[in-house]
Amino acid sequence: MTGVLAAGLATSLVLTYGALTQSEEGRVRKRLTSAAQEVTESAVTSMADRLARVRAMAGDGAIRQALADVRTGGDTAFSLPDARRTLARLQSSPTDTLPIELWSADGRRLALLGSDVGASRIGSPPRGQAHPVPREGLELLGAIDSAAFGEMYAVAERVYFWIVAPVTDGGQPGGYIAQQRRVGGPSTATQRLRGLMDEEVAMYIRNQTGSFWTTAPGAPVPAPARRDSIGANLFDVRPGVGRLTTVELPITGTPWVMVLEAPVSAVEARAQTTVRTLALISLLLTALGAVASWVISRRITAPLASLTTAAEAIARGEYARRADHVGGDEVGRLAVSFNQMAGEVDSARQALERQVAEARSAAEELALANRQLQHTMGEAEHARRDAELAREEAERANRAKGDFLAVMSHELRTPLNAIGGYTQLLEMGVHGPVTEAQRDALARIERSQAHLLRLINDVLNFAKVDAGQVQYAIADVPLDEALTSLEALVAPQLRAKRLAYTYQPCDSRITVRADPEKLQQIVLNLLSNAIKYTPEGGSVATGCEVGAASVCVTVRDTGLGIPPDRMAAIFDPFVQVDRALHRPNDGVGLGLAISRDLARGMSGELTAESVVGGGSVFTLTLPRPEAEPVVSAGVAEDHSPRVSAEA
Ligand code: ADP
């Protein structure tokens with residue numbers, strides 16, 4: 001940044017220096033021009049005056065008389081001294097020793113005032129040709145036809161020139177007046193110049209070709225080593241002085257040119273001084289700016305550094321660290337906010353640590369609970385395995401029981417059948433006549449044998465059902481047909497107990513999905529129970545109700561009924577509601593258990609409803625074939641109840 005600033009500053013200083021130099025140079029050149037004009041003007045006036053005086057002298061009668069006397073060979077004893085006295089008027093002062101001469105047209109010097117600088121014969125050159133006499137400034141003497149200035153020349157570090165005026169006589173040149181003058185001398189031009197210019201200015205006069213140069217006080221100097229012109233501006237270069245701003249003006253009426261030179265270094269020095277001052281001020285301002293920016297930046301960065309230090313400390317875990325309070329500006333407010341935030345972070349951290357500790361202790365408790373749970377689960381698994389073993393053991397025992405029951409039943413049926421057979425043979429008198437008492441005893445034996453056989457069959461059936469060994473031959477069974485055929489089987493018992501039997505016939509098209517034998521076994525058992533538990537004079541009724549997907553077969557009686565608290569138990573094996581109410585030899589409580597298992601084995605159900613003293617209703621529900629159309633009871637045929645047994 002500082003580098004860029006310095007570069008910018010340097011560039012602007014260089015540009016300023018250039019502009020200043022140019023403007024200063026212009027100013028100097030302008031002043032030089034105006035001074036040159038003034039000095040030249042005065043020189044022109046003075047030179048013109050001098051020339052006019054010589055020219056006037058050339059027309060003087062005494063001069064002309066003297067020349068005429070010389071030409072005609074007359075007496076010059078009076079006329080020449082007269083002419084000399086006349087010439088003396090040209091002398092600027094009585095001490096003026098610069099020569100004033102009178103020359104004849106044929107090149108003889110007729111009179112001399114002041115010191116003699118040489119009296120060589122001028123001769124009489126043809127008109128328009130250079131005079132052969134090597135007297136500087138007079139070489140054109142023979143060629144001039146009016147007053148004129150001669151060339152400047154130097155003698156012993158002084159510069160001289162001649163003013164020559166022809167003296168005509170009847171239109172012919174009769175002679176010449178020549179006055180030598182020195183450049184500078186008492187001239188006050190230099191002083192005037194000093195008054196005009198405060199710069200170090202040198203004034204020169206040069207001839208028109210530039211081959212001869214003299215200072216204004218009249219000391220010969222060499223021409224500049226080089227001259228450059230840039231546009232209308234001239235620059236001379238002098239050894240030991242350097243480059244100079246040059247202004248020159250011709251001195252009108254003379255063959256000379258006024259030259260003013262001011263060293264460029266002076267101009268540059270002023271610009272340099274200004275630029276140096278500027279540079280110094282700029283440097284001072286830059287330094288001040290740098291110090292100010294440092295102070296300002298310190299004011300900004302110091303609080304920020306404090307904030308950063310505090311933030312880093314907090315990041316390292318020093319949560320108690322706070323930023324210094326640094327005033328009420330934005331950074332100060334930032335520090336206050338930062339401290340607040342740090343405080344909140346600290347309290348949040350503490351809360352978090354508390355929560356972490358709590359979470360840790362909860363995790364430990366959880367781990368403990370988990371271990372306990374695993375322990376409990378192990379124990380539960382242990383218990384489950386024990387239970388599994390117990391269940392397997394029970395199943396094994398159950399199977400053994402079933403096997404035992406099946407074997408025992410099978411083994412018992414053979415001798416029982418033999419007992420029945422032999423009893424009947426005895427009753428028939430195959431072994432001799434039978435007395436009434438014997439017949440009665442044989443009848444009791446037969447009843448007991450039949451009862452025992454039924455018991456054994458029940459046990460055998462239950463064992464089979466319980467062991468899941470029953471095979472079901474499921475088919476679409478015409479229900480009406482199956483129920484009608486049962487009537488004949490229970491007719492003797494109905495008659496024996498003088499019970500009325502009513503059968504509400506089903507639609508003959510109704511079929512159920514069932515094993516026909518199992519269906520008949522269930523309904524037969526229900527009818528047997530109804531007859532068994534209905535006192536004489538009561539009634540038993542069978543019917544069916546057709547549903548959309550199933551058919552319910554109902555067996556009703558007007559018997560003893562079953563107490564509500566026993567309703568659930570009657571379907572359990574070996575359960576009888578009240579043994580005292582029944583004859584002890586009439587069943588063992590297996591019929592309903594077998595019947596319900598068989599019903600469920602055919603995807604059906606067996607349920608009961610009863611009122612003590614009011615009779616019972618047992619309902620067997622069986623599924624209908626899926627494709628069978630819904631047929632309502634009593635639509636297609638005569639379903640009026642048929643009463644087959646009477647009281
Ligand atoms: P069992 O008839 O051989 O005793 P069941 O299993 O057929 O065995 O019947 C179980 C018990 O249910 C019977 O002992 C009886 O108490 C009661 N029970 C069954 N059917 C009826 C009925 N129709 N009326 C009253 N009680 C009945």
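A residue counts as buried when its relative accessible area is under 20%.

**View 1. The whole protein, in a predicted model.** Let's start with the big picture. The protein has 647 residues, and 37% of them count as buried. Its chain forms 10 helices and 21 strands. Now look at who touches whom: take the contacts in the protein with a separation of 6 or more, and 60% of them come from residues 24 or more positions apart. As for the outside, the accessible surface adds up to about 35900 Å², and carbon and sulfur atoms own 58% of that.

**View 2. Helix 7, from residue 436 to residue 466.** Here we zoom in on one helix. Helix 7 is built from 31 residues. From the first C-alpha to the last, helix 7 reaches 44 Å, which is close to the 45 Å expected at 1.5 Å a residue. Just past the helix, look for glycine 468: its phi is positive, near 70°.

**View 3. The buried side of the story for helix 7.** Which residues of helix 7 are buried? They are Leu442, Gln449, His451, Leu453, Leu455, Ile456, Val459, Leu460, Phe462, Ala463 and Val465. And what covers them? The cover includes helix 6, spanning residues 330–427, and helix 10, spanning residues 591–601.

**View 4. Polar contacts of the ligand.** Time to meet the ligand. Tyrosine 533 uses its side chain here: an N or O atom in it sits 2.7 Å from an oxygen atom of the ligand. Two glycines join in with their backbones. For glycine 589, a backbone N or O atom is 3.3 Å from a ligand oxygen, while for glycine 591 a polar backbone atom is 3.2 Å from an oxygen atom of the ligand. How much of the ligand does the protein bury? On its own the ligand would expose 530 Å², and the protein buries 98% of that.

**View 5. The shell around the ligand.** Step back a little to see the neighbours. The ligand is surrounded by 21 residues, and the closest are Asn529, Lys532, Tyr533, Asp557 and Gln576. Sorted by character, the shell holds 10 nonpolar, 8 polar and 3 charged residues. Which elements give two or more residues to this shell? Those are helix 9 (516–532), helix 10 and strand 20 (615–623). Helix 9 gives the most, with 3 residues. Helix 10 may ring a bell: it is also part of what covers the buried residues of helix 7.

How values were computed
Residues are numbered from 1 along each chain as its sequence is written. This is a predicted model: local features need pLDDT of at least 70, side-chain atom pairs count only at pLDDT 80 or more; totals for chains, interfaces and linings use all residues. Side-chain values use heavy atoms; hydrogens and water are left out. Helices (H or I, at least four residues) and strands (E, at least two) are DSSP runs, numbered from the N terminus. The expected span of a helix is 1.5 Å times one less than its number of residues. Buried means under 20% relative accessible area, exposed over 50%, partly exposed in between (1.4 Å probe, protein chains only). Contact means heavy atoms within 4.5 Å. A residue is near a molecule or strand if one of its heavy atoms lies within 4 Å of it. A polar contact is a pair of N or O atoms within 3.5 Å; within protein, one must be able to donate a hydrogen and the other to accept it, and residues adjacent in sequence count only if both atoms are side-chain atoms. Accessible areas come from the Shrake-Rupley method with a 1.4 Å probe; for residues, only the protein chains shown count as cover. Ala, Val, Leu, Ile, Met, Phe, Trp, Tyr, Cys and Pro count as nonpolar, Asp, Glu, Lys and Arg as charged, and the others, Gly among them, as polar.
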